[in-house]
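The two exercises below are meant to be worked through with the sequence and the model open side by side. Try each task before reading its solution.

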Amino acid sequence: MLFYDSGNPAPNPRRVRIFAAEKGIELPSKDVSIIQREQKSDEYLKINPRGQTPALETDDGDVITESVAICRYLEALHSDPPMFGTTPLEIAHVDQWCRRVEMILMTPIGAVWVHTHPFTAKIPGRMPEYGEAARPRVEEAFRFFDASLEGREFLATDSYTMADILLLTTMDFASFVGCGAPEDCAALHAWHQHVSARPSA
């Protein structure tokens, strides 16, 4: 098994690293430098034609891309501790919150990142006005998660799950991009401090 990784601030490979650490899984890895655009090299495009990290090459040569799919695969191989819920209701809640993080929060953060950040300045077709217009949607999303975390230790269930990993990595990436959570989101920041103290983070 070989994990194609990229260092921080890339949020998606970090999701898998945190997940594997929570499971106690040691993943042999190969670094793919985004700064040097190694993810767009001919060699790596044979691994993932989308030119993105992470990717996981299994022992039999299959390749899994997309961070949540990789974690689902690892969960099936290593069920303890469960990170996607155990009961039908918990599993549904974890999936629900994973989708909400990606659709409600990560989508506008991605727009700010691609269309306004200096690191992405050479991407063709950038529309800075579109990126700036996404900033209020990022704030609105953070306030939604802040309200959702009121009185809760974790996002989806009573245990730390994949949903928490997605929110943690997305929140940290937003800070790097320059559209972090509002300071008055007290429940969200308390949750973030709590989960950031975990060794896996």
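**Exercise 1.** How are α1 and α3 oriented to each other, roughly parallel or roughly antiparallel?

*Solution.* Bear in mind that the structure is a predicted model.

Step 1. Locate helix α1 at residues 11-23 and helix α3 at residues 67-77, which pack at an angle of about 15 degrees with their axes 9 Å apart.

Step 2. Angles under 35 degrees count as roughly parallel, and α1 and α3 are therefore roughly parallel to each other.

Step 3. Add the hand of the crossing of α1 and α3, which is right-handed.

Step 4. Turn to the residues that meet: α1 brings Asn 12, Arg 15, Val 16, Phe 19 and Lys 23, while α3 brings Ser 67, Val 68, Ile 70, Cys 71, Leu 74 and Glu 75. Sorted by class, the residues of this contact comprise six nonpolar, two polar and three charged.

**Exercise 2.** Describe the largest pocket, and find which element gives the most to its lining.

*Solution.* Step 1. Begin with the space in the largest pocket, which comes to about 1300 Å³.

Step 2. Count the lining, which is made up of 43 residues, with Pro 11, Asn 12, Ile 34, Gln 52 and Trp 113 lying nearest the centre of the pocket.

Step 3. Assign the lining to elements: those that give two or more residues are α1, α3, α4 (88-116) and α7 (162-177), and α4 gives the most, with eight residues.

Step 4. Finally, divide the lining of the largest pocket by class, which yields 19 nonpolar, 16 polar and eight charged residues.

Methods: Residues numbered from 1 in each chain as written. Predicted model: local features only at pLDDT ≥ 70, side-chain atom pairs only at ≥ 80, totals over all residues. Heavy atoms only, no water. Axes fitted to C-alpha atoms, helices over the stretch in contact; angles between N-to-C directions. Helix = DSSP H or I, 4+ residues; strand = E, 2+ residues; numbered from the N terminus. Parallel < 35°, antiparallel > 145°, perpendicular 65-115°, else oblique. Left-handed = near helix turned anticlockwise from the far one by under 90°. Contact = heavy atoms within 4.5 Å. Nonpolar A, V, L, I, M, F, W, Y, C, P; charged D, E, K, R; others polar. 1 Å grid on protein atoms, 1.4 Å probe; cavity = no way out; pocket = protein on both sides within 12 Å on 5 of 7 lines; lining within 4 Å. Points joined across faces, edges and corners; volume = space filled by probe spheres on them.
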